[in-house]
Amino acid sequence: EASTRAIEINPKNFRAYTFRAFCNFKLRRVREGLEDSDKAIDYYQVNPFDPSILWALDNRARAYKMVRRNDLAS
């Protein structure tokens, strides 16, 4: 809920999309998680001190493995 509220306030908040994608993956809502992950990657602003993009990509790879799409996980 907090991530959704943050996205309502700032629709380009890539950190909120990253966290919401993680939550969706944990709840086994893979499609929604991948959609949020796509938005997190699209809105990411380069910052060498912010690991959000790494988390988004790692969670995305794990989600693909969950649905047995190892070809997309790499």
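Trainee: In which helix is Asn24 found, and is Asn24 buried or exposed?

Mentor: In this predicted model, Asn24 is found in helix H2. A residue counts as buried when its relative accessible area is under 20%. Asn24 has 7% relative accessibility and therefore counts as buried.

Trainee: Which residues is Asn24 in contact with, once its neighbours within four places in sequence are left aside?

Mentor: Asn24 is in contact with Arg29, Val30, Glu32, Gly33 and Asp36. Among these, Val30, Glu32, Gly33 and Asp36 also appear on the H3 side of the contact between H2 and H3.

Trainee: How should one read the packing of H2 and H3, and at what angle do their axes cross?

Mentor: One reads the approach of the two axes together with their crossing angle. The axes of H2 and H3 come within 8 Å and cross at roughly 160 degrees. Angles over 145 degrees count as roughly antiparallel, so H2 is roughly antiparallel to H3. The crossing of these two helices is left-handed.

Trainee: Which residues in H2 and H3 meet?

Mentor: From H2 come Phe14, Tyr17, Thr18, Arg20, Ala21, Asn24 and Phe25. In H3 they meet Val30, Glu32, Gly33, Leu34, Asp36, Ser37, Lys39, Ala40 and Tyr43. By class, the residues of this contact divide into eight nonpolar, four polar and four charged.

Trainee: How do H2 and H4 compare in direction, parallel or antiparallel?

Mentor: The angle is again the guide. The axes of H2 and H4 come within 10 Å and cross at roughly 25 degrees. Angles under 35 degrees count as roughly parallel, and H2 and H4 are therefore roughly parallel to each other. H2 passes H4 in a left-handed crossing.

Trainee: Which residues make the contact of H2 with H4?

Mentor: Phe14, Arg15, Thr18, Phe22 and Phe25 in H2 meet Ser52, Trp55, Ala56, Asn59, Arg60, Ala63 and Met66 in H4. This contact has seven nonpolar, three polar and two charged residues. Phe14, Thr18 and Phe25 are also listed for H2 in its contact with H3.

Trainee: What is the general idea behind a nonpolar core, and which residues make up the largest one here?

Mentor: In soluble globular proteins, nonpolar side chains tend to be buried together. Here the largest nonpolar core has eight residues: Ala21, Phe25, Val30, Leu34, Ala61, Ala63, Tyr64 and Ala73. Helices H2 (14–26), H3 (30–43) and H4 (52–66) each give two or more residues to this core. H4 provides the largest share, three residues. A second, separate core of five residues includes Ile7, Ala16, Tyr17 and Ala40.

Trainee: What does Ala73 touch, not counting residues up to four places away in sequence?

Mentor: Ala73 touches Ala61, Tyr64 and Lys65. Of these, Ala61 and Tyr64 belong with Ala73 to the largest nonpolar core.

Trainee: How should one read backbone torsions in the loops, and where does Arg28 lie?

Mentor: One notes the sign of phi, the residue type and the location. Arg28 lies in the loop between H2 and H3. Its phi is near 65 degrees, a positive value in a residue other than glycine. At 60% relative accessibility, Arg28 counts as exposed.

Trainee: What is the phi of Arg68, and is Arg68 buried or exposed?

Mentor: Arg68 has a positive phi of about 60 degrees although it is not a glycine. Arg68 lies in the loop between H4 and helix H5 (70–73). With 72% relative accessibility, Arg68 counts as exposed.

Terms used: Residues are numbered from 1 along each chain as its sequence is written. This is a predicted model: local features need pLDDT of at least 70, side-chain atom pairs count only at pLDDT 80 or more; totals for chains, interfaces and linings use all residues. Side-chain values use heavy atoms; hydrogens and water are left out. A nonpolar core is a set of buried Ala, Val, Leu, Ile, Met, Phe, Trp, Tyr and Cys residues joined through side-chain atoms within 4.5 Å. Buried means under 20% relative accessible area, exposed over 50%, partly exposed in between (1.4 Å probe, protein chains only). Helices (H or I, at least four residues) and strands (E, at least two) are DSSP runs, numbered from the N terminus. Contact means heavy atoms within 4.5 Å. Axes are lines fitted to C-alpha atoms, for helices over the stretch in contact, and angles run from 0 to 180 degrees between N-to-C directions. Angles under 35 degrees count as roughly parallel, over 145 as roughly antiparallel, 65 to 115 as roughly perpendicular and the rest as oblique. A crossing is left-handed if the near helix is turned anticlockwise from the far one by less than a right angle, and right-handed if clockwise. Ala, Val, Leu, Ile, Met, Phe, Trp, Tyr, Cys and Pro count as nonpolar, Asp, Glu, Lys and Arg as charged, and the others, Gly among them, as polar.
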